[in-house]
Amino acid sequence: VRYNLQCRPLLVVRTYTDGQLMDDAYVYRVVEPNGRDRSGLIAPSDTVQMDSIGAGVHEVELSHIAPNCVMTSDGGRRQQVGVTPPTVTEVAFRIRCSDPSEQPRILRLASSYHDGASAFFVEAVDPNADLDTYAWNITDCRGNSVTPTGTLERHGLSTGRTARGDTVRFAVTVRVGEPDNRMDRRCTTLRVGDLRGNTSEIAEHRMGSPTGTAPTAREFNARLIGASAVRTTVVPEDVDGDFASVFVSVILRDGVLGRADGEPDVGVFNVYGYTDPTAIPDLPLGSSIGIEDVLGVTVDLIDEAGNFRRFHDDDLLQ
């Protein structure tokens, strides 16, 4: 008679580190519901397994992280996880390290949320003048994401008007779809990264009562140019004088940009917005996007306080 026994850990702590000048090791700490405290060293990309551990909510923390390294995973350095034997519970910490002499910095971040969308204005500097990405999220102000999809990372700051700038300013919107009251007093978080893998510290802005007045449009129209393109015209007005950018999205028939999911597809013209509204290019129509695919155009007018006002045009014939 043979008995095959397999012993599985109940709690697994993993670290994933990339970038430059990485740490040699971190200190992990696990506090069980009964107060028992465990700690030890874990390498930059390593795994620690624990089997003799009780059920319940455990606090898992990673510390002794070098100043040039940033925690990029949801939940931050300290996370609470529930252990329910015999299920294996995993906690992952993702860290990105930078060369301090090349690390970008965020100077200003302002944001707001309404009508199911998040808007934010950013001013950042980069010693290498090669910023390329930004990573956005909305959290409970303790590092835990409250959005359905978690962190959104967009590439493209290294192109267009934000390319090769040691100081970069941009203002954009992200469609979230959550009710406005669920986002009240939440925090917008953002970090920027360059083409060499360096990343800034995470900047945080608590959303609440708006400062100032959102820009409005004296003129806005999206119309077809024959069957070859869609032209967008917008003339912003801002009584506060701090207009930042126009962020343009095209609403497309479901399934044009990806797998059909029962909702219209949304494509953005760029990832940084237009400071000059006259620079908005025509949207070409052809084999990839046909005239019958375009359902409308949305513009968000955003100011440097993070306020925004949305306009939509679904009548492209006039």
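Arg108 is partly exposed in this predicted model, with a relative accessible area of 34%. The side chain of Arg108 forms a salt bridge with Glu123, and the closest N and O atoms of the two lie 2.8 Å apart. This pair links distant parts of the chain, since Arg108 belongs to strand 9 (residues 105–114) and Glu123 to strand 10 (residues 117–125), 15 residues apart. Glu123 has a relative accessibility of 10% and therefore counts as buried, the limit being under 20%. The salt bridge thus joins a partly exposed arginine to a buried glutamate.

Side chains of opposite charge can pair when their charged atoms come close. By the rule applied here, the structure has 20 salt bridges. Another of them connects Asp18 with Arg96, with 3.5 Å between the closest N and O atoms. Asp18 lies in strand 1 (residues 11–19) and Arg96 in strand 8, so the pair ties together parts that are 78 residues apart in sequence. Asp18, at 38% relative accessibility, counts as partly exposed. Arg96 is also partly exposed, with a relative accessible area of 22%.

A further salt bridge brings together the side chains of Glu153 and Arg191, at 3.8 Å from N to O. Because Glu153 lies in strand 12 and Arg191 in strand 14, this pair ties together parts that are 38 residues apart in sequence. Glu153 is partly exposed, with a relative accessible area of 35%, whereas Arg191 is buried, with a value of 8%. Salt bridges also occur in a linked form: Arg29, Asp37, Glu59, Glu61 and Arg78 are joined in a network of them.

The discussion now turns to the cysteines. A disulfide is a covalent bond between the sulfur atoms of two cysteines. The structure holds 2 disulfides. When the bonded cysteines are counted along the chain, the disulfides follow the pattern 1-2, 3-4.

One disulfide is formed by Cys69 and Cys97, whose sulfur atoms are 2.0 Å apart. The link of Cys69 and Cys97 is right-handed, with 105° about the S-S bond. Cys69 is part of strand 6 (residues 69–71) and Cys97 is part of strand 8 (residues 89–97), so the bond ties together parts that are 28 residues apart in sequence. Strand 8 is also the strand that holds Arg96, the salt-bridge partner of Asp18. Both cysteines of this disulfide, Cys69 and Cys97, are buried.

The other disulfide joins Cys141 to Cys187, again with sulfur atoms 2.0 Å apart. The torsion about the S-S bond of Cys141 and Cys187 is about 100°, so this disulfide is right-handed. Cys141 lies in the loop between strand 11 (131–139) and strand 12 (152–155), while Cys187 lies in strand 14 (residues 187–194), so the pair ties together parts that are 46 residues apart in sequence. Strand 14 also holds Arg191, which pairs with Glu153 of strand 12. Cys141 is buried, and Cys187 is buried as well. In contrast to these buried cysteines, Cys7 is exposed, with a relative accessible area of 74%; the value counts as exposed because it is over 50%.

Strand 14 appears again in the description of the largest pocket. About 410 Å³ of space lies in this pocket. The pocket is lined by 20 residues, and the closest to its centre are Met71, Ser73, Gly143, Thr189 and Ile202. Strand 11 and strand 14 are the elements that give two or more residues to the lining. Strand 11 gives the most, with 4 residues. In character, the lining residues divide into 6 nonpolar, 9 polar and 5 charged.

The last residue to consider is Ser249, which lies in strand 18 (residues 243–252). Ser249 has a relative accessible area of 3% and is therefore buried, the limit being under 20%. What does Ser249 touch, not counting residues up to four places away in sequence? The residues in contact with Ser249 are Arg175, Val266, Gly267, Val268, Phe269, Gly296, Val297 and Thr298.

Note on methods. Residues numbered from 1 in each chain as written. Predicted model: local features only at pLDDT ≥ 70, side-chain atom pairs only at ≥ 80, totals over all residues. Heavy atoms only, no water. Disulfide = S-S within 2.5 Å. Buried < 20%, exposed > 50% of the residue type's maximum accessible area, 1.4 Å probe, protein only. Contact = heavy atoms within 4.5 Å. Salt bridge = Lys/Arg side-chain N within 4 Å of Asp/Glu carboxyl O. 1 Å grid on protein atoms, 1.4 Å probe; cavity = no way out; pocket = protein on both sides within 12 Å on 5 of 7 lines; lining within 4 Å. Points joined across faces, edges and corners; volume = space filled by probe spheres on them. Nonpolar A, V, L, I, M, F, W, Y, C, P; charged D, E, K, R; others polar.
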